[in-house]
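Here's a quick tour of one model, taken a piece at a time. Have the structure open while you read.

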Amino acid sequence: EPFADIGYHFAIDPQGRIWEGRPLAYQGAHVKGQNENNLGIVLMGNFDAQRPSATSIGTLDAFVVQQMQRYGISITNVRTHQEMAPTACPGRNLQRYLMASRSRGGNIARA
């Protein structure tokens, strides 16, 4: 099904810059059938073929924590695309990092 805009609310580039995608007033289109009441964030890159930059990871961690605090989101509700639907996204290198970051002692879990 086509849609008229980027499906993610925010995109983070390799230099750690945050770009607004779909306005928050609109439901995202990033996980088919599971977009209601969630925030879509994409890190730009192919993380099966490369590792995310330290700068983009630092931005991602801080931004996710900020959004968790802003919207009262528990860490159990911070999930990746492949945890919500059968897909390779976000790629094995980013998936591995995010699992560690959400685990006890990880950057997101400590915040």
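## The largest pocket

Four elements, β3 (41–43), α1, α2 (81–84) and α3, each give at least two residues to the lining of the largest pocket. Keep in mind that this is a predicted model. Among those elements, α1 makes the largest contribution to the lining, with five residues.

The pocket holds about 870 Å³ of space, and 36 residues line it. If you want to find its centre, look for H30, L39, G40, I41 and R79, the lining residues that lie nearest to it. Sorted by class, the lining comes out as 21 nonpolar, 12 polar and three charged residues.

## How α1 meets α3

Two of the helices that help line the pocket, α1 and α3, also pack against each other: α1 covers residues 54–71 and α3 covers residues 92–102. Their axes sit 12 Å apart, at an angle of about 45°. That angle falls outside the ranges for roughly parallel (under 35 degrees) and roughly perpendicular (65 to 115), so α1 and α3 count as oblique to each other. The crossing of α1 past α3 is right-handed.

Which residues in α1 and α3 meet? On the α1 side they are I57, L60 and D61, and on the α3 side L94, Y97, L98 and S101. By class, this contact has five nonpolar residues, one polar and one charged.

## A cis bond before α3

Most peptide bonds are trans. The one joining C89 and P90 is cis, with omega at about 15°. To spot P90, go to the loop between α2 and α3.

Note on methods:
Residues are numbered from 1 along each chain as its sequence is written. This is a predicted model: local features need pLDDT of at least 70, side-chain atom pairs count only at pLDDT 80 or more; totals for chains, interfaces and linings use all residues. Side-chain values use heavy atoms; hydrogens and water are left out. Axes are lines fitted to C-alpha atoms, for helices over the stretch in contact, and angles run from 0 to 180 degrees between N-to-C directions. Angles under 35 degrees count as roughly parallel, over 145 as roughly antiparallel, 65 to 115 as roughly perpendicular and the rest as oblique. A crossing is left-handed if the near helix is turned anticlockwise from the far one by less than a right angle, and right-handed if clockwise. Contact means heavy atoms within 4.5 Å. Ala, Val, Leu, Ile, Met, Phe, Trp, Tyr, Cys and Pro count as nonpolar, Asp, Glu, Lys and Arg as charged, and the others, Gly among them, as polar. On a 1 Å grid over the protein atoms alone, a cavity is a set of points where a 1.4 Å probe fits but cannot get out, and a pocket is an open set with protein on both sides within 12 Å along at least five of seven lines; lining residues have an atom within 4 Å of a point. Grid points are joined across faces, edges and corners, and a volume is the space filled by probe spheres set on the points.
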